[in-house]
Amino acid sequence: MARTKTAATAPSGASAKTSRNGRLSNAERSAYFARREAAKVLRLVLRGDARRRAVGSIKSLVYSPSVKNKKATYALVCQTLKHLSIIKQVLDSASILNSKWKRQEELVYILTYDILFGQEISLVGDAEKFLMLHKGAIQSALARLLVRNKVKSIEDLMALYQTPDVPKPRYVRVNTLKMDVDSAVLELGKQFVVQKDDLVPDLLILPPGCDLHVHPLIVNGCVFLQGKASSMVAAALAPKPGWKVLDACSAPGNKTVHLAALMKGKGKIVACELNKERVRRLKDTIKLSGAANIEVLHGDFLNLDPKDPAYSEVHAILLDPSCSGSGTAAERLDHLLPSHASGHAADPTEMERLNKLSAFQKKALRHALSFPAVERVVYSTCSIHQVENEDVIKSVLPIAMSFGFQLATPFPQWNCRGLPVFEGSEHLLRTDPVEDKEGFFIALFVKGNIIDRSKNPTMPSSYNSTDNIFCQLGNQKNVRA
């Protein structure tokens with residue numbers, strides 16, 4: 001990252017200079033606030049990781065409207081996380097933190113990263129002054145850590161802890177409420193090589209590593225940073241303009257505003273979200289999109305009464321419930337988190353967590369299928385685990401059929417289908433975490449007679465079982481949990 005390069009070229013012992021009148025220079029002021037913004041994001045990330053319930057991904061938290069210095073904050077958070085194991089060991093060995101600073105440990109982590117690996121910090125805050133006072137002890141602790149690990153350089157020490165980043169194309173979805181696809185291609189094409197996706201009509205493909213977070217089209221909501229698999233979910237539901245649609249677990253809202261675009265801003269979307277912090281992010285996303293047909297409901301989807309007249313005309317439901325997130329670990333930068341470094345997948349409590357998630361997912365799906373006027377329901381997860389995917393569908397399928405639903409086949413041209421654990425699993429859709437760089441799961445329930453393929457394009461005219469078996473075998477080692 002740019003920050004690492006800066007650290008490599010900054011002269012040792014150099015410090016930021018204050019202006020001659022004693023006030024903070026612009027560089028000092030910017031660094032001061034970036035560190036504190038980074039500390040707030042880091043606190044949310046670490047607490048969510050400890051509880052196994054993230055408020056949002058690192059990227060989504062950094063690039064929320066409340067964060068001003070996005071680029072510097074993102075670099076600080078990522079670099080601190082990459083070095084976090086070392087930073088913790090150094091601070092523990094130095095034994096300099098009292099209870100006051102332990103309560104501000106995220107800021108301490110950020111500043112310690114800067115002292116050891118980043119740019120020299122100036123004495124512009126109490127935390128900065130405290131840590132610079134103990135700079136010698138911190139550096140001595142790092143030297144002892146090098147000796148203990150029998151390495152000669154910081155680079156060798158980092159090699160013991162770091163996981164390589166996963167290269168992946170940059171996908172962006174054009175918000176057709178504000179801009180047409182061809183105009184977006186033309187504008188983005190001024191800086192990047194742009195391709196249209198062959199599956200999702202409003203999705204564009206750019207080279208890996210493209211930094212678009214401050215691009216005008218992103219800032220004004222004409223284009224959204226959204227992965228291919230995530231963009232397939234709303235497209236699979238295929239709501240019609242004028243419909244009433246319920247998005248059961250909406251935040252952060254990318255799929256919600258995609259629904260609004262597919263509906264051409266007509267009809268109504270009720271976006272449910274239980275978590276107060278995530279409601280704020282949902283509202284920010286909706287505002288950015290310009291969608292005017294979305295009503296945010298701060299509450300529990302499970303408490304909605306299907307017999308309530310307010311929901312008597314709901315035509316479609318998108319259910320993307322809480323899940324393990326195991327399919328988007330690379331995209332969310334989970335390899336930087338403490339739980340990943342400690343190998344939490346092998347933790348005996350992880351299976352218990354997956355079973356609890358699965359129980360909730362089954363309950364939510366049964367509830368979605370019980371709304372009387374609903375014609376289409378999409379169930380999706382960003383998980384690779386069978387217990388959250390095929391097992392949920394298999395359990396709920398008898399109830400779905402009693403309500404008149406059958407499984408349809410979203411994107412029949414997509415080869416990677418469900419694991420063959422029950423009859424009809426070929427209708428389910430998976431994306432491969434290796435080949436597609438993310439592991440998603442989509443199931444589409446359609447009410448009524450869906451056998452007539454000429455009238456329902458979601459049904460495949462043929463099914464390539466050989467391709468599907470290849471996909472299943474490729475995923476098998478990951479999904480049995």
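Me: Which phi does Lys264 take, just after α14?
Reply: Lys264 has a positive phi of about 55 degrees. This is a predicted model, where local features need pLDDT of at least 70, side-chain atom pairs count only at pLDDT 80 or more, and totals for chains, interfaces and linings use all residues. Residues are numbered from 1 along each chain as its sequence is written, and side-chain values use heavy atoms, with hydrogens and water left out.

Me: And α14, mostly covered or not covered?
Reply: Mostly covered. Seven of the nine residues in helix α14 (residues 254-262) are buried. Helices (H or I, at least four residues) and strands (E, at least two) are DSSP runs, numbered from the N terminus. Buried means under 20% relative accessible area, exposed over 50%, partly exposed in between (1.4 Å probe, protein chains only).

Me: Which residues of α14 are buried?
Reply: Lys255, Thr256, Val257, His258, Leu259, Ala260 and Ala261.

Me: Switching topic. Where is Lys168?
Reply: Lys168 sits in the loop between α10 (154-159) and β1 (170-174). Lys168 counts as buried, at 13% relative accessibility.

Me: What does the side chain of Lys168 contact?
Reply: The side chain of Glu438, through a polar contact of 3.3 Å. A polar contact is a pair of N or O atoms within 3.5 Å; within protein, one must be able to donate a hydrogen and the other to accept it, and residues adjacent in sequence count only if both atoms are side-chain atoms.

Me: How many disulfides?
Reply: Zero. The rule asks for a pair of cysteine sulfur atoms within 2.5 Å.

Me: What is the nearest cysteine sulfur to Cys323?
Reply: That of Cys382, 3.5 Å away, and Cys323 is in no disulfide. Cys323 is buried, with a relative accessible area of 16%.
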